[in-house]
Amino acid sequence: MCGIVGYIGQKNIKEVLINGLSELEYRGYDSAGIAIMQESNLSIYKSIGKLNNLIDKTKDLKTDKNILRVGIGHTRWATHGKPTELNAHPHIGEFSFVVHNGIIENYKKIKDKLEKNGHKFISQTDTEVIAHLFEYNLEKQSDALKAFQITINELEGAYAILLITKSENNRIFFAKNGSPLIIGYTEDEIYFGSSDAPLVGLANEVTYFNDNEFGVVSIYNNTNSIEIYNKKFEKVDIIKKSLSINKQFAQKGGFRFFMEKEVYEQSRVISETIMGRVKDEKIEFEELNKTLFDNIENITICACGTSFHAGLASSYLFERISKVPTKVEVASEFRYKEPLLNKNTLFIVISQSGETADTLEALKMAKEAGLKTLVICNVDNSSMVRLADFTILTRAGIEKGVASTKAFATQMVVLWMLSLYIANIKKSISKEFLEKELKAILTIPSILKIDNNLHEKLKRLSKRYLHGHGFFFIGRDIFYPLALEGALKLKEISYLHAEGYPAGEMKHGPIALADSELFTIALMPKNILYEKMKSNVEELSARDSTILAISAYEFEIADDFIKIKEQNHYMFEFFEMMIVLQLLAMEIAIRLGNDVDMPRNLAKSVTVE
Ligand code: M6R
């Protein structure tokens with residue numbers, strides 16, 4: 001949530017900051033702003049809504065090259081205070097400017113103290129206190145870095161902060177705790193970003209800050225200077241990594257939305273996810289050490305949103321195939337339930353971004369309790385990847401659509417492969433079964449090739465599902481988490497009310513809602529509990545609910561029917577239905593005129609709890 005960028009150098013700084021923000025816009029688009037300092041002249045621009053508004057507002061701002069300038073920028077997902085221009089970052093004290101990603105939990109206390117000392121606040125944000133607190137400390141302590149350190153030590157909560165101040169006009173102060181922050185550099189330039197993305201193509205080398213690190217950067221005589229400190233104010237060694245990500249993958253490539261492109265990419269990215277991992281009639285994860293599974297008696301999976309759904313779906317595979325008892329927890333619940341953690345548990349977190357605050361905190365808890373930890377993640381070098389004992393990368397490529405699609409598909413394939421990998425180590429499956437499953441996994445890329453007729457049919461069908469008082473997505477077994485995922489896709493981009501439900505549970509309450517205005521999306525795989533599903537759907541149909549059935553078998557009582565190919569493995573049906581649900585949600589949202597890639601109130605990466 002929220003993206004921050006910073007720059008010191010002689011390039012056209014407006015372009016650098018705005019291009020950087022456009023790479024981070026997926027993290028929040030309630031408002032955007034930049035502050036640029038040239039010597040001690042400062043200009044600040046903010047606008048509400050998407051970045052385009054800021055681009056319009058700054059169109060007359062000239063920041064030609066070859067002049068050393070310092071700047072910071074922010075794209076906001078509102079936490080404290082409405083998305084107004086006053087609440088947009090950068091926030092201002094008297095002479096200092098701050099951008100922040102995270103939440104300052106004790107901001108009220110700090111604000112009260114500062115107000116008593118004559119500081120005036122103009123926004124409702126938690127962030128504004130940082131600029132004022134820094135200035136308050138600077139009054140008592142003339143060394144700016146020391147004043148910054150005292151400021152940071154007083155903050156509680158999560159933050160990635162960049163601060164510039166007129167009195168130190170070619171420096172950027174930075175601090176990180178909980179929220180991601182990366183610095184990139186060339187010999188005479190310094191870049192900051194909340195992720196690698198704004199740095200790609202600009203900085204060849206980067207450093208990933210650890211929690212509780214802070215410091216200051218500057219350029220003197222065309223040479224960069226970077227000082228990083230830990231909490232005790234001791235200098236920290238700068239660990240440089242090279243940065244190489246191919247930017248061309250982040251273009252829409254002729255599709256209407258990134259989400260559409262990403263749905264169509266699933267076949268290819270699954271091939272990449274599988275590549276080199278299915279070999280010699282077994283699954284190989286080079287990144288894992290087989291001893292990881294020594295003494296493991298059970299698995300706990302923690303994740304949020306779509307990644308949680310992948311985790312829940314995989315619990316059916318870990319129990320059915322690996323024969324390992326598996327619990328799945330929503331990360332935000334897990335953290336505060338005082339969970340009983342057992343050293344014989346393998347703790348798996350799943351995350352597209354590797355930055356989701358609740359999942360990251362759950363991972364920290366598990367590590368501190370001495371559990372073996374594994375992250376299944378799409379972003380190398382993300383906070384979770386750097387923290388966990390082991391990582392399996394999902395290789396989905398950059399996912400720009402806020403509604404996760406290809407990341408989910410790759411997570412599912414990795415989890416399916418992992419269930420077989422563990423089963424093989426624990427000898428809980430036969431050689432024949434493993435061979436059959438491997439063949440099935442290798443078939444997934446072709447299953448995910450999207451048939452034009454199917455897409456056209458969903459486009460047509462979508463117009464019948466724009467109204468009504470709600471949707472129930474129902475399924476059983478591993479199709480229940482898929483139903484949850486289908487409902488999440490629909491609600492996040494169409495803003496229609498949708499729930500995923502275990503089909504057998506409808507009669508315990510929700511069926512009371514059934515009438516012709518209630519849409520039921522029924523996942524009816526022929527390979528798992530087909531007859532049971534049929535009865536559950538009949539019960540809803542008898543109460544007039546409008547039924548859209550997705551199945552390999554014609555189902556005469558359904559009002560609408562999407563036929564998937566006759567498949568002889570339930571996971572084939574799973575992936576086919578996944579595509580149908582993604583496209584259906586997208587086509588409904590497009591008909592409703594919504595911005596599919598940047599749905600209201602959401603952000604791609606949720607780095608606050
Ligand atoms: O990056 P993560 O996988 O940790 O993100 C978790 C959720 O925030 C994410 O899946 C969210 O629910 C998506 N918008 C779903 O489409």
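Start with helix α4 and its surroundings: in this predicted model, the buried residues of α4 pack against β5 (91–92), β6 (96–104), α3 (107–116), α5 (144–154) and β7 (157–165). The helix itself spans residues 128–140, and 11 of its 13 residues are buried, so "mostly covered" is a fair label. If you want to pick them out on screen, the buried set is Glu128, Val129, Ile130, Ala131, His132, Leu133, Phe134, Glu135, Tyr136, Asn137 and Leu138. As for how the helix sits, α4 lies across β5, β6 and β7, and it runs at about 125 degrees to β6.

Those three strands belong to an open sheet of 6 strands, ordered β5-β6-β7-β8-β12-β13, with antiparallel pairing. At its edges stand β5 and β13 (223–229); each has a single partner strand, so one side of each is left without a neighbour in the sheet. Further in, β8 (residues 171–177) and β12 (residues 213–220) run antiparallel and are joined by 6 bridges. To see the register there, look at Ile172, whose bridge partner in β12 is Val217.

Just before edge strand β5 there's a backbone detail to check. Pro90 lies in the loop between β4 (69–76) and β5, and the peptide bond leading into Pro90 from His89 is cis, with omega near -5 degrees. That stands out because most peptide bonds are trans, just as most residues other than glycine have a negative phi.

Now zoom out. The protein chain is divided into domain 1 (3–251), domain 2 (258–444) and domain 3 (452–591). Between domain 1 and domain 3, the C-alpha centres are 45 Å apart.

Another open sheet has 5 strands, in the order β18-β17-β19-β20-β21, and here the pairing is parallel. Its edges are β18 (326–330) and β21 (390–393); with a single partner strand each, they have one side left without a neighbour in the sheet. On average, neighbouring strands of this sheet are turned by 20 degrees against each other, direction ignored. Strand β17 (residues 298–303) runs parallel to β18, joined by 5 bridges, and Thr300 stands opposite Lys327 in β18. Packed on this sheet is helix α8 (residues 305–322), which touches β17, β18 and β19 (345–351). The direction of α8 makes about 170 degrees with that of β18.

Past edge strand β21 comes a residue worth a look in a phi/psi plot. Arg395 sits in the loop between β21 and α12, with a phi near 60 degrees, a positive value in a residue other than glycine. How exposed is Arg395? It counts as partly exposed, at 32% relative accessibility. Asp477 also has a positive phi, near 60 degrees, and isn't a glycine either. Asp477 lies in the loop between β22 (470–475) and α15 (479–494), but this residue is buried, with a relative accessible area of 15%.

Finally, follow that first loop on into α12. Helix α12 (residues 406–425) packs with helix α17 (residues 570–591) at an angle of about 170 degrees, their axes 11 Å apart. That angle makes α12 roughly antiparallel to α17. On the α12 side, the contact is made by Phe408, Ala409, Met412, Val413 and Trp416, and on the α17 side by Met571, Phe574, Phe575 and Met578. What kinds of residue make up this contact? The split is 9 nonpolar, no polar and no charged. The spacing along each helix makes sense too, because an α-helix has 3.6 residues a turn and residues three or four places apart point the same way.

Conventions:
Residues numbered from 1 in each chain as written. Predicted model: local features only at pLDDT ≥ 70, side-chain atom pairs only at ≥ 80, totals over all residues. Heavy atoms only, no water. Domains from an automatic or database assignment. Pairing = 2+ DSSP bridges. Helix = DSSP H or I, 4+ residues; strand = E, 2+ residues; numbered from the N terminus. Axes fitted to C-alpha atoms, helices over the stretch in contact; angles between N-to-C directions. Contact = heavy atoms within 4.5 Å. Parallel < 35°, antiparallel > 145°, perpendicular 65-115°, else oblique. Nonpolar A, V, L, I, M, F, W, Y, C, P; charged D, E, K, R; others polar. Buried < 20%, exposed > 50% of the residue type's maximum accessible area, 1.4 Å probe, protein only.
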